[in-house]
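Colleague: I would like a close look at a single part of this model. Pick one helix and follow it outwards into its surroundings.

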Amino acid sequence: MAKLTLDDLRKLRDGKKQAMNQRDPEGKTAQVIIGMGTCGIAAGAKVAFDAFLDEMEKADVTHASIKQTGCMGLCFSEPTVEVKMQGMPDVVYGNVDEKTARRIVRDHLKNKTLVSDHIFDKPSTDIIKD
Amino acid sequence: MHATLCDLMMDLVQNSVEARASEIELSISETGHQIAFSVKDNGKGMSKELQAKALDPFYSDGEKHAHRRVGLGLPFLIQTADAAGGRVEIHSEVGRGTQIDFTAQADHIDLPPFGDFAAAATMMLSQADGFELRILRSAGGESYSVSRSELSEVLGDLNDTQNLMLMKTYIRSQEDNLRKAG
């Protein structure tokens with residue numbers, strides 16, 4: 001690929017934005033939050049992040065945004081990913097490797113079914129106030 | 001231990017964000033037989049005493065997790081440098097910020113692989129909070145820089161998945177160019 005300039009990037013973005021506005025006028029309704037403390041990084045948070053991005057592009061999921069946070073206190077089950085979505089319970093998934101990340105995009109974000117075998121109900125109690 | 005050098009960089013940048021820095025600079029240079037990177041921030045900084053404690057894998061300030069007794073970020077970094085003929089230097093001052101320099105022998109057999117920098121940079125640049133992150137990258141006489149403010153000016157919301165893809169493509173093209181030249 002030729003080296004892109006910021007202007008090239010701007011043009012690419014304008015093209016995408018137009019296509020997206022036609023298809024998805026309601027805006028973002030889902031959030032994917034990936035833990036990236038030392039534990040998350042060591043366990044492969046970057047691989048999960050990359051898989052989410054790639055699968056969302058492939059599955060044409062445009063209603064989600066991806067955010068990051070530090071350690072959620074579930075180091076033993078990293079990479080951990082929290083998914084918040086309208087009409088679905090807030091869920092924390094554990095041991096999210098590449099394959100699981102792709103399943104979360106297809107099943108949870110797209111088809112609104114939970115990926116049951118990777119669910120933790122809540123982040124660890126020492127950082128959750130309520 | 002972290003699998004790649006990119007993972008170490010991500011960890012350090014995450015530290016700077018958690019130290020509430022508003023300006024962070026990550027520079028990475030590969031010159032001949034040496035690879036070096038440094039992370040400089042204007043976050044809350046560490047006293048001499050705290051700097052010494054931070055090197056202990058069984059120390060954590062307990063702010064984020066009250067019962068935790070380990071802190072592995074900096075110990076992993078030092079372990080990697082030690083294993084690969086390099087060193088880590090920490091300069092920090094309370095209230096002014098921290099700079100951490102890592103060097104290693106690029107051709108050392110125990111140096112972890114570099115990793116996918118485009119993906120790592122995309123994660124680092126799209127973290128929450130309103131900080132500025134500048135990345136300066138050089139290898140074999142070629143260089144480029146990218147900053148969070150310029151990307152967010154061009155792309156808008158940096159958590160939007162389409163924008164994240166574009167950001168990664170953009171950084172990947174810079175990396176490819178660097179590799180070709182090197």
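Modeller: What follows takes helix H3 of chain A, then the core, then the chain contact. Keep in mind that this is a predicted model.

Start with the helix itself. H3(A) has 14 residues. From first C-alpha to last, H3(A) reaches 20 Å, close to the 20 Å expected at 1.5 Å a residue. Just after H3(A), A:Asp60 takes a positive phi of about 60°.

Is H3(A) mostly covered or mostly open? Mostly covered: 10 of the 14 residues are buried. Among them are A:Ala45, A:Ala48, A:Phe49, A:Ala51, A:Phe52, A:Leu53 and A:Met56. The buried list also includes A:Lys46, A:Asp50 and A:Glu55. For scale, buried residues make up 38% of the 130 residues in chain A.

Now take A:Phe52. Leaving out residues up to four places away in sequence, A:Phe52 touches A:Val32, A:Ile66, A:Ala101 and A:Val105. In chain A as a whole, consider contacts between residues at least 6 apart in sequence: 70% of them join residues at least 24 apart.

A:Phe52 also belongs to the largest nonpolar core, which has 73 residues. Together with B:Met9 and B:Val13, A:Phe52 touches the most other members. The element that gives the most to this core is helix H1 of chain B, residues 5-18, with 8 residues. In soluble globular proteins, nonpolar side chains tend to be buried together.

H1(B) has a packing partner in chain B. The axes of H1(B) and helix H3 of chain B, residues 73-83, come within 10 Å and cross at roughly 145°. The crossing is left-handed. H1(B) contributes B:Leu8, B:Asp11 and B:Asn15 to the contact, and H3(B) contributes B:Gly73, B:Phe76, B:Leu77 and B:Thr80. By class, that contact has 3 nonpolar, 3 polar and 1 charged residues.

Back to chain A, and to where the chains meet. Here 33 residues of chain A are in contact with 35 residues of chain B. H3(A), residues 45-58, is one of the elements that give two or more residues to the chain A side. So listed too are helix H1 (6-23), helix H2 (38-43) and strand E2 (64-69) of chain A. H1(A) gives the most, with 7 residues. By class, the chain A side has 17 nonpolar, 7 polar and 9 charged residues.

Last, the wider setting. Chain A has 4 helices and 5 strands. From the N terminus on, they run α-β-α-α-β-β-β-α-β.

Conventions: Residues are numbered from 1 along each chain as its sequence is written. Chains are lettered from A and ligands numbered from 1 in the order in which they are written. This is a predicted model: local features need pLDDT of at least 70, side-chain atom pairs count only at pLDDT 80 or more; totals for chains, interfaces and linings use all residues. A nonpolar core is a set of buried Ala, Val, Leu, Ile, Met, Phe, Trp, Tyr and Cys residues joined through C-beta atoms within 7 Å. A residue is buried if 20 or more other C-beta atoms lie within 10 Å of its own, exposed if 12 or fewer, and partly exposed in between; C-beta atoms are placed from the backbone. Two residues are in contact if their C-beta atoms, placed from the backbone, lie within 7 Å. Ala, Val, Leu, Ile, Met, Phe, Trp, Tyr, Cys and Pro count as nonpolar, Asp, Glu, Lys and Arg as charged, and the others, Gly among them, as polar. Axes are lines fitted to C-alpha atoms, for helices over the stretch in contact, and angles run from 0 to 180 degrees between N-to-C directions. A crossing is left-handed if the near helix is turned anticlockwise from the far one by less than a right angle, and right-handed if clockwise. The expected span of a helix is 1.5 Å times one less than its number of residues.
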